[in-house]
Amino acid sequence: GGRNVVFSTSILLCIPMVIAGIVLSNSDCPFNVLIACALLSGVGGGAFASSMSNISFYYPKRLQGMALGYNGGLGNLGVSVSQLLAPIVMAGAYGKDPVAPSGIDGWPANAGWLWFPLCAFSAILAFFYMSNQPNHGEKNTIVSLINFYWMECMGFLASFIGVITLIQTRDAGMLSTPGGQVAHKFLLVFLAAFCEHLFMILSPKMARERVKKQVIIFKRKHTYVMTWLYIMCFGSFIGYSGSFPKLIVDLFGYFTGDGCVKDQVFTLGGDQATCEAAGGTWEIDYDYPNPNAPDGSKVAWLGAFVGSVIRPFGGIMADKY
């Protein structure tokens, strides 16, 4: 049911936020702990996907596009909010000592504490103000929650296997080429998906039966058409919004010119003889920073923001046309 899933996933999301808030306060934070936080944070993606299917039940078909558009847009807006607020809070001391693992002072732990109160508050609101559909879950809430957490644990276990495989194969030969790197990621996804379906055998009978009823979608051609469409649309949204700050840097971050490099400092212009006589190295078509370029980190949030805001318009158009 909607309430069970939303308040449960909100509580589960509090766990990686608290862990990140604690371990990132130390410059010697283990990388494997961050991997674990990333794994646990995957609950957010599942919560988003389940909310998209749940929201449709509360609206007539003529308004479902609008409902899905707003729900999806607000969900994706979290990416933009994180890109906007996380750097700001990570740059503030708030009475704490900084950590500087790379020589630059910062407070990365604040990013975890940014989302923890929001997740906790969302869990409270969901528990008291959301409702479960009568045809969802079991009649007994406790049994429904047991089924949910059991299947969630199976998902975590499958993801854990994928993460361990990722760590153990990070130096594999296939990663030496771009194509191999892409294939590696797909193989990890298939491995996790295979393990998840295998572990479904261990799930409670009632939960297993409900999942089996959904398998019929694989016999419908529309499933594959919509899946391909979603891969192109949502995949493009994530890819373009993620690469937006890098694109800003690549296009506007550097000038190209001839000049002298001495003591790792580039000076535009001059001549080769004078440069080498002074102990420098003459460089041709050297890329040097553009002092007037926009800061990619400060505009990164705009990519996801535009994509999120436009989703409700697409939903409304789907209802109308």
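These are my notebook entries on a predicted model of one protein chain.

**Entry 1: the chain as a whole**

I began with the overall make-up of the protein chain, whose secondary structure comes to 11 helices and three strands. Reading from the N terminus, I noted the order of elements as α-α-α-α-α-α-α-α-α-β-β-α-β-α. For the extent of the fold I took the C-alpha trace, which spans about 85 × 50 × 45 Å along its principal axes. I also looked up burial, and of the 321 residues of the protein chain 29% count as buried.

**Entry 2: the sheet**

Next I went to the strands, which form an open sheet of three in the order β2-β1-β3, with antiparallel pairing. The edges are taken by β2 (265–268) and β3 (281–289), and because each has a single partner strand, one side of each is left without a neighbour in the sheet. I noted that neighbouring strands here are turned against each other by 55° on average, with direction ignored.

I then followed the pairings of β1, residues 254–262, which is joined to β3 in the antiparallel sense over seven bridges. Between β1 and β2, which also run antiparallel, I found four bridges. Val 261 served me as a marker for both pairings: Thr 281 in β3 stands opposite Val 261, and in β2 the bridge partner of Val 261 is Phe 266.

**Entry 3: the turn between β1 and β2**

I looked at the hairpin that β1 and β2 form, which has two residues between the strands. What is the backbone like at Asp 263, in the loop between β1 and β2? Phi of Asp 263 is near 55°, a positive value in a residue other than glycine. I wrote this down because most residues other than glycine have a negative phi. Gln 264 has its place in the loop between β1 and β2 too, and its phi, near 65°, is likewise positive in a residue other than glycine. On the side of accessibility, Asp 263 is exposed, with a relative accessible area of 66%, and Gln 264 counts as exposed at 82%.

**Entry 4: aromatic rings**

I turned to the aromatic rings, of which the structure holds 11 pairs. In the pair of Phe 234 and Phe 237 the ring centres are 5.8 Å apart and the planes stand at 45°, so I entered the pair as tilted. Because Phe 234 and Phe 237 are three residues apart in helix α9, about one helical turn separates them. Is each of the two buried or partly exposed? Phe 234 counts as partly exposed at 22% relative accessibility, whereas Phe 237, with a relative accessible area of 14%, is buried, the cut-off for buried being under 20%.

I then checked Phe 255 and Tyr 288, a tilted pair with 5.9 Å from centre to centre and 55° between the planes. Phe 255 lies in strand β1 and Tyr 288 in strand β3, so this pair ties together parts that are 33 residues apart in sequence. Phe 255 is partly exposed, with a relative accessible area of 38%, and Tyr 288 counts as buried at 16%. I found that Phe 255 and Tyr 288 belong to one aromatic cluster together with Phe 266 and Tyr 286.

**Entry 5: the second largest pocket**

I looked up the second largest pocket, which has a volume of about 1200 Å³. Its lining is made of 31 residues, and those nearest its centre are Leu 13, Gly 44, Gly 75, Gly 78 and Trp 115. Which helices supply at least two residues each to this lining? I listed α1 (2–23), α3 (43–55), α4 (64–90), α5 (109–129) and α9 (221–252). With 13 residues, α4 gives the most to the lining. By class, I noted 18 nonpolar and 13 polar residues in the lining and no charged ones.

**Entry 6: a loop residue**

Last, I placed Asp 171, which lies in the loop between α6 (141–168) and α7 (178–199). Asp 171 counts as exposed, at 69% relative accessibility. I also took the separation of its C-alpha atom from that of Val 23, which is 26 Å for two residues 148 apart along the chain.

Key. Residues are numbered from 1 along each chain as its sequence is written. This is a predicted model: local features need pLDDT of at least 70, side-chain atom pairs count only at pLDDT 80 or more; totals for chains, interfaces and linings use all residues. Side-chain values use heavy atoms; hydrogens and water are left out. Two strands pair if DSSP finds at least two bridges between them. Axes are lines fitted to C-alpha atoms, for helices over the stretch in contact, and angles run from 0 to 180 degrees between N-to-C directions. On a 1 Å grid over the protein atoms alone, a cavity is a set of points where a 1.4 Å probe fits but cannot get out, and a pocket is an open set with protein on both sides within 12 Å along at least five of seven lines; lining residues have an atom within 4 Å of a point. Grid points are joined across faces, edges and corners, and a volume is the space filled by probe spheres set on the points. Ala, Val, Leu, Ile, Met, Phe, Trp, Tyr, Cys and Pro count as nonpolar, Asp, Glu, Lys and Arg as charged, and the others, Gly among them, as polar. Rings of Phe, Tyr and Trp (its six-membered ring) pair if their centres lie within 6.5 Å; planes under 30 degrees apart count as stacked, over 60 as edge-to-face and the rest as tilted. Buried means under 20% relative accessible area, exposed over 50%, partly exposed in between (1.4 Å probe, protein chains only).
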